[in-house]
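Student: I am new to this structure and would like a close look at a single part of it. Please take your time and connect the details as you go.

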Amino acid sequence: MKGHSKCARPLAVWLALALAACSGSTQPPTPPSANGSASGAGIFRPQSLSYYGCPVFTGGSYNATVTNSPVDKNSKAYIKSVIQAGDTAGFYASTGVEQVNLANDKTPLLHVHQRVRYHKFPVPYPWLSNFYIEPLGDAHAMIVHTQDCHLFESYGTIYKHPTLSAYSGAHWDLRKRLRWLPPGTPSAMASGLPLFAGMVRWEDYESGSINHALNWTGIAGSVAQYEFVRPASDTDWLPFQGKSSYQLPYGARLRLKASFNTSGWGTQATMVAQAMKTYGIYLSDTGSSGNGLYFANDSHGNNPWNSADLSSLSQITMSDFDVIQLPTILRVPGH
């Protein structure tokens, strides 16, 4: 992904909502577990649309169902465009590389040094030396402060004691509706959307359903170069490789067709497909191998996902989707 923004807005006043479980601790909250197991399976049942006591943009676009939303009049043209530009692969679950760090009022705050002059971090991030950074090229870092329910994300993250630095990033108040970033502003993803909001979290599976839209990574060059729709705010700036005048904008929301048959699938893949039908997927970023969906490890750092179960997702391709009616198409400032 590429980022090209100025800066994100200042953080709202932090609220001290002390949790008894965290009192006096300098460590992040201990996630619930099942029967003492590291996976947390079986007992912990998070409240719907909640993450360790924090709402997740309740009432915002990620939580809105699209089951009956109208299809864009140019949906077929957009889908054909993406396919002709090279996106012919099946979907897949990217597991084992993303993890959410949990922070609290005792977690130290670090100023984030900007790796490029045009991406600034106006607020400090809660950070511990053992916080997880995605080990692949994007070097994502995600932190949820469970007492004031703020989300912090960064891309190109580097921590070398005592310095935390990143290429781009953003923060949000999870108790409020999703805040759109200014046009031309990325987050941990090229689109400016929150990575955390559209991930398949183990807590989703434990709750029995995925109650939000998913973030989807297309193949680089198969979507619009500078066009986006809200709630997105930016693109990856990579040239479109197709020939169609219909180039799918960042932030476009797609819905898996209700007729798509998942009979015989495992519970994990079935749950993901149902979320695609009910809440849809957002075009949020691109990569060399497209049609990836973000999955998070559990809060203990383990990868609990069943790869054999999730392999059924490879049967889903772009031709199985409709593009939901697009809002006004915008362009990255200056382009």
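Student: Which residue in E12 does Glu153 stand opposite?

Tutor: Glu153 stands opposite Ala170 in E12, and a close look at strand E9, to which Glu153 belongs, shows how that pair fits in. Before that, a word on the source: this is a predicted model, in which local features need pLDDT of at least 70, side-chain atom pairs count only at pLDDT 80 or more, and totals for chains, interfaces and linings use all residues. Residues are numbered from 1 along each chain as its sequence is written, and side-chain values use heavy atoms, with hydrogens and water left out.

Strands (E, at least two residues) and helices (H or I, at least four) are DSSP runs, numbered from the N terminus. Strand E9 covers residues 150-155, and because six of its six residues are buried, the strand is largely enclosed by the rest of the structure; buried here means under 20% relative accessible area, whereas exposed means over 50% and partly exposed lies in between, with a 1.4 Å probe and protein chains only. In a regular strand the side chains alternate between the two faces of the sheet. In E9, His150, Phe152 and Ser154 point one way, while Leu151, Glu153 and Tyr155 point the other way, and all are buried.

E9 has partners on which this arrangement can be followed, where two strands count as paired if DSSP finds at least two bridges between them. Strand E8 (residues 141-145) runs antiparallel to E9 and is joined to it by five bridges. Along this pairing Met142 stands opposite Glu153, and His145 stands opposite His150. The hairpin of E8 and E9 has four residues between the strands, and in it Cys149 takes a positive phi near 60°. Strand E12 (residues 168-173) is likewise antiparallel to E9, with six bridges joining them, and Glu153 therefore has a place in both pairings, opposite Met142 in E8 and opposite Ala170 in E12.

Stepping back to the sheet, four strands form an open sheet in the order E4-E8-E9-E12, with mixed pairing. Its edge strands are E4 (100-103) and E12, each of which pairs on one side only. The twist averages 20° from one strand to the next, taken between axes that are lines fitted to C-alpha atoms, for helices over the stretch in contact, with angles that run from 0 to 180 degrees between N-to-C directions.

From the edge strand E12 the chain can be followed onward, since Gly192 has its place in the loop between E12 and helix H2 (202-207). Gly192 counts as buried because its relative accessibility is 3%. Leaving aside neighbours within four places in sequence, Gly192 is in contact (heavy atoms within 4.5 Å) with Trp172, Leu181, Thr185, Pro186, Ser187 and Ser233. Of these, Leu181 is 11 residues apart from Gly192 in sequence and 6.5 Å apart in space, C-alpha to C-alpha.

A buried loop residue is also found elsewhere: Asn291 is in the loop between strand E16 (281-287) and strand E17 (292-296), and Asn291 counts as buried because its relative accessibility is 0%. Not counting residues up to four places away in sequence, Asn291 touches several residues, including Asp87, Tyr92, Trp216 and Met318.
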